[in-house]
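Trainee: I am new to this structure. Could we walk through it step by step?
Mentor: Gladly. Have the sequence and the 3D view open, and ask as we go.

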Amino acid sequence: MNVRIVILVFISIFLSISGYAQKTKELRSEHFIINYAPEAEGYVYKVKDDAEYFYRKITQGFGLIREKLWSWDDRTKILIAKDKEEYLKNFSCPSWSSACVDYRNRIIYTYPLQKDFASILKHELTHIIFREYIGYNVMPLWLDEGMATYAEYRDTTQCQMFVALIKKLIQENKYIKFKDINNTYSIAPGSDTSLFYAQAFSMVYFLKERFGRDDFSEFLSALRSGSNLDEALRKAFRVIENTEGFESNWKRFYLM
Ligand SMILES: [Zn+2]
């Protein structure tokens, strides 16, 4: 790309974002700043209430608020476009998506009136809170996605469906072996993700339900202090000594 093209790209991105910003309104709450198209006015208060509620539920559920060294300093931004067309025009989100997230800058992009927005919000907010807490070191993808799917589905009817599916996959020896899933850092586009997400959910579900919130909180705290995955598992859950122990305890939990 030559210099002129680079400058033109920057100008067009700036114009499109500033054009969006000029037309938006703002609503602030304790942990969020919501910028929204005026057409989303009737919807934005529900987004604010849901976001604050899920923030509390996620931080309390994973035992993060008891950590004195950590506080949520900067508010997360939620940007709501007028509709899907404006969403795709203004934000660099995939065309199939209904929301997308910039974890490092803590911005969630979306548009109004999607029936599964609460579910999307829980999932994306968990990614932001989790990474803000433990930092941005490279971690196996199952941990990020397991945390987010656990927060998304734990209190829904889909939770028991995941549990039943995992039980069946273990019985038929069709699950992803832990030495493989521990070395998965991204999913190739177009690949079947349902097995991966179900198993990621089940790994966090096992640790959280089997050992409880305080041990799970200790596990996250160890990761935050720089322990690698095996060390953090050992420190927090004691009976799990390494990846093999994790796999055998996880299998036993679902086959009981
Ligand atoms: Zn995710």
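**The sheet and what packs on it**

Trainee: In what order do the five strands of the open sheet lie?
Mentor: Keep in mind that this is a predicted model. The sheet is open, and its pairing is mixed. At the edges are β1 (25-28) and β4 (99-102), each paired on one side only. From one strand to the next, the twist averages 15 degrees. The order is β1-β2-β3-β5-β4.

Trainee: β2 and β3 are joined by bridges; do they run parallel or antiparallel?
Mentor: Five bridges join these two strands. One pair to look for is N35, whose bridge partner in β3 is L79. The direction of β2 and β3 is parallel.

Trainee: Which residue in β5 is the bridge partner of I78?
Mentor: β3 and β5 are joined by four bridges and run parallel. Along this pairing, K77 stands opposite I107 in β5. For I78, the partner is I108.

Trainee: What is the bridge partner of D102 in β5?
Mentor: β4 and β5 (residues 107-110) run antiparallel, with four bridges between them. V101 stands opposite I108. D102 has as its partner I107.

Trainee: How many residues lie between β4 and β5 in their hairpin?
Mentor: Look at the turn of this hairpin. R106 sits there, with a positive phi of about 55 degrees. The number of residues between the two strands is four.

Trainee: How many of the five residues of β3 are buried?
Mentor: Start with the neighbours of β3 (76-80). Helix α2 (residues 41-61) lies across it, as well as across β1 and β2 (32-36). Helix α4 (residues 117-134) also touches β3, along with β4 and β5. β3 is mostly covered, and its buried residues number four.

Trainee: What angle does α2 make with β2, and α4 with β4?
Mentor: Take them one at a time. α2 runs at about 160 degrees to β2. α4 packs on the sheet, and its direction makes with that of β4 an angle of about 15 degrees.

**Helices up close**

Trainee: How far apart are the end C-alpha atoms of α4?
Mentor: Count its residues: α4 has 18. At 1.5 Å a residue, the helix should therefore span 26 Å. The model agrees, with the end C-alpha atoms apart by 26 Å.

Trainee: What covers the buried residues of α4?
Mentor: Several residues of α4 are buried, among them L121, L125, I128, I129 and F130. The cover includes the sheet strands β3, β4 and β5. It also includes the helices α2, α5 (141-153) and α9 (213-224).

Trainee: Which residue just after α6 takes a positive phi?
Mentor: α6 (residues 158-171) has 14 residues and reaches 20 Å from its first C-alpha to its last. Just after α4, G135 takes a positive phi of about 95 degrees. Just after α6, a positive phi of about 55 degrees belongs to N173.

**The core**

Trainee: Why does the largest nonpolar core lie between domain 1 and domain 2?
Mentor: This core has 59 residues. I80, F201, V204 and F219 touch the most other members. Nine residues, the largest share, come from helix α8 (residues 194-211). The core lies between the domains because residues are given to it by both domain 1 (26-134) and domain 2 (141-255).

Trainee: Which residues is F219 in contact with, leaving aside its neighbours within four places in sequence?
Mentor: F219 is one of the core members just named. Its contacts, with those neighbours left aside, are L207, A232, L233, A236 and F237.

Trainee: Is F246 buried or exposed?
Mentor: F246 is found in helix α11 (residues 243-255). Beyond four places in sequence, F246 touches F178, L233 and I240. A residue needs 20 or more C-beta neighbours within 10 Å to be buried. F246 has 22 inside 10 Å, so it counts as buried.

Trainee: What is the C-alpha to C-alpha distance between F246 and L207?
Mentor: In sequence, the two are 39 residues apart. In space, C-alpha to C-alpha, their separation is 9.2 Å.

**The whole chain**

Trainee: What share of the 256 residues in the chain is buried?
Mentor: The chain has 11 helices and five strands. Of its contacts with a separation of 6 or more, 63% join residues 24 or more positions apart. The buried share of the residues is 31%.

Technical notes:
Residues numbered from 1 in each chain as written. Predicted model: local features only at pLDDT ≥ 70, side-chain atom pairs only at ≥ 80, totals over all residues. Pairing = 2+ DSSP bridges. Axes fitted to C-alpha atoms, helices over the stretch in contact; angles between N-to-C directions. Contact = placed C-beta atoms within 7 Å. Core = buried A, V, L, I, M, F, W, Y, C linked by C-beta atoms within 7 Å. Buried ≥ 20, exposed ≤ 12 C-beta atoms within 10 Å, placed from the backbone. Domains from an automatic or database assignment. Expected span 1.5 Å × (residues − 1).
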